[in-house]
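Work through the exercises below with the sequence and the 3D view side by side, and try each task before reading its solution.

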Amino acid sequence: MVKKARVIYNPTSGKEIMKANLADILTVLEQAGYEASAYATTPEPKSAQIEAERAGKAGFELVVAAGGDGTINEVVNGIAPLEVRPKMAIIPAGTTNDYARALKVPRNDVKAAAEVILKNQTVKMDIGKTDHDYFINIAAGGHLTELTYDVPSELKSVFGYLAYLAKGAELLPRVKPIPMRLVYDDGVYDGNASMFFLGLTNSVGGFEQIAPDAKLDDGKFSLIIVKTANVFEIVHLVALLLNGGKHVKDKRIIYTKTSKLEVNPGTNDRLMINLDGEYGGDAPMTFTNLHQHIEMYANLDAIPDDAVIGVEDARYEAVGQEIINEVERLSDEDIDGDGKIAKK
């Protein structure tokens with residue numbers, strides 16, 4: 001039976017690079033055993049999300065999100081609510097491409113990114129859920145995160161995450177603490193903070209040390225609470241971040257793992273929420289980790305073993321199967337119930 005794949009691509013991402021390479025990408029998918037077709041997103045709201053949901057309900061086995069992190073987010077929001085979800089693959093064509101960085105998918109060659117599918121390596125990825133949306137990489141709130149809303153889109157396109165640094169340095173003196181109550185697995189924080197941050201991967205804005213020990217599939221968010229709003233202290237924390245992720249041990253930071261987070265703002269204070277780099281509504285809001293919810297093609301050979309618990313599981317399963325085969329070979333007994341007995 002022929003498997004079907006749908007490429008959902010943003011025709012304007014990456015200087016229209018997808019349109020120029022679409023034929024090559026469809027050829028790669030056919031080499032992987034898929035009957036492939038494509039859909040170009042439109043300026044209409046949630047164009048990619050609606051098409052992803054339609055493809056999932058129509059029985060497509062694979063949906064490929066081709067574009068920036070925003071396109072990937074929309075595709076995930078389209079298939080995440082479905083009871084039977086297709087696999088996903090990503091072809092990055094945006095600016096920072098955090099998700100591709102985390103999955104070790106090539107970020108500067110769209111055909112090479114598609115060829116990751118030929119390796120047939122997947123990870124069952126955790127994703128986040130709010131009361132009404134899904135997210136793939138981050139949820140955050142506080143004055144530090146609100147800086148990103150002031151970065152013009154044309155600046156993001158040209159300079160990527162360097163634009164965030166430049167704009168952040170300009171606006172940093174305006175940062176002030178916001179009273180918030182954060183309830184997580186191992187405790188409660190009730191006080192002032194300049195930011196809370198929930199991460200699903202270790203790659204945010206081009207940096208790979210914000211949550212240095214993040215796992216992609218362990219059912220836990222990495223939670224960071226920045227308690228200080230002092231400009232000089234924040235600059236020092238950024239320096240620690242760039243120096244091997246040492247910020248997570250600083251006393252001005254709370255760093256922990258949690259499967260859920262409830263966020264409530266202080267009285268009369270607005271707390272805007274950032275979901276995958278875009279405005280996602282205001283608190284109060286609850287975030288839940290959906291454990292291993294979507295199976296993604298990834299370059300597992302390049303992902304550190306300690307970032308994916310499924311890698312270790314696969315190794316244990318392989319060793320376990322070897323033991324079973326040996327026992328069956330010696331005993332003529334079907335140990336694992338697959339109807340086969342290893343040959344002597």
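Two residues are in contact here if they have heavy atoms within 4.5 Å of each other. Keep in mind throughout that this is a predicted model.

**Exercise 1. Find which residues Leu 62 touches, leaving out those up to four places away in sequence, and place Leu 62 in its core.**

Step 1. With those sequence neighbours left out, Leu 62 touches Lys 4, Ala 5, Arg 6, Leu 29, Tyr 34, Pro 86, Lys 87, Met 88, Ala 89, Ile 117 and Tyr 297.

Step 2. The largest nonpolar core has 56 residues, and Leu 62 belongs to the group that touches the most other members, together with Val 7, Leu 29, Val 76, Met 88, Ile 91 and Leu 103. Helix α1 (residues 17-31) gives the largest share of this core, namely six residues.

Step 3. A second core, separate from this one, has 23 residues, including Tyr 189, Phe 196, Leu 198 and Leu 200.

**Exercise 2. Write down the strand order of the open sheet with six strands, and explain why β12 and β15 each have one side without a neighbour.**

Step 1. Recall that strands of a sheet pair through backbone hydrogen bonds, in either a parallel or an antiparallel manner.

Step 2. In this open sheet the order is β12-β11-β10-β7-β14-β15, and the pairing is antiparallel.

Step 3. Because β12 (253-258) and β15 (278-282) stand at the edges and have a single partner strand each, one side of each is left without a neighbour in the sheet. On average, and with direction ignored, neighbouring strands of the sheet are turned by 20 degrees against each other.

Step 4. As one pair to trace, take β10 (residues 195-199) and β11 (residues 221-226), which are antiparallel and share five bridges; here Gly 199 stands opposite Ser 222 of β11.

**Exercise 3. Describe the aromatic pairs that Phe 287 forms with Phe 135 and with Phe 196.**

Step 1. The structure holds three aromatic pairs. For Phe 135 and Phe 287, the ring centres are 6.1 Å apart and the planes stand at 85 degrees; since this angle is over 60 degrees, the pair is edge-to-face.

Step 2. This pair links parts of the chain that are 152 residues apart, with Phe 135 in strand β6 (residues 134-135) and Phe 287 in strand β16. Phe 135 is buried, at 0% relative accessible area, and Phe 287 also counts as buried, at 0%.

Step 3. Phe 196 and Phe 287 form a tilted pair, with 6.0 Å from centre to centre and 55 degrees between the planes. Because Phe 196 lies in strand β10 and Phe 287 in strand β16, the pair ties together parts that are 91 residues apart in sequence.

Step 4. Ring pairs join Phe 135, Phe 196, Phe 221 and Phe 287 into a cluster.

**Exercise 4. Locate Asn 120, Gln 292 and Pro 284, and describe the backbone at each.**

Step 1. Most residues other than glycine have a negative phi, and most peptide bonds are trans.

Step 2. Asn 120 has a positive phi, near 55 degrees. It lies in the loop between α5 (110-115) and β5 (122-129), and at 55% relative accessibility it counts as exposed.

Step 3. Gln 292 also has a positive phi, of about 50 degrees, but its place is in strand β16, and with a relative accessible area of 28% it is partly exposed.

Step 4. Ala 283 and Pro 284 are joined by a cis peptide bond with omega of about 15 degrees, and Pro 284 lies in the loop between β15 and β16 (285-297).

Conventions. Residues numbered from 1 in each chain as written. Predicted model: local features only at pLDDT ≥ 70, side-chain atom pairs only at ≥ 80, totals over all residues. Heavy atoms only, no water. Pairing = 2+ DSSP bridges. Helix = DSSP H or I, 4+ residues; strand = E, 2+ residues; numbered from the N terminus. Axes fitted to C-alpha atoms, helices over the stretch in contact; angles between N-to-C directions. Buried < 20%, exposed > 50% of the residue type's maximum accessible area, 1.4 Å probe, protein only. Core = buried A, V, L, I, M, F, W, Y, C linked by side-chain atoms within 4.5 Å. Phe/Tyr/Trp six-rings, centres within 6.5 Å; stacked < 30°, edge-to-face > 60°.
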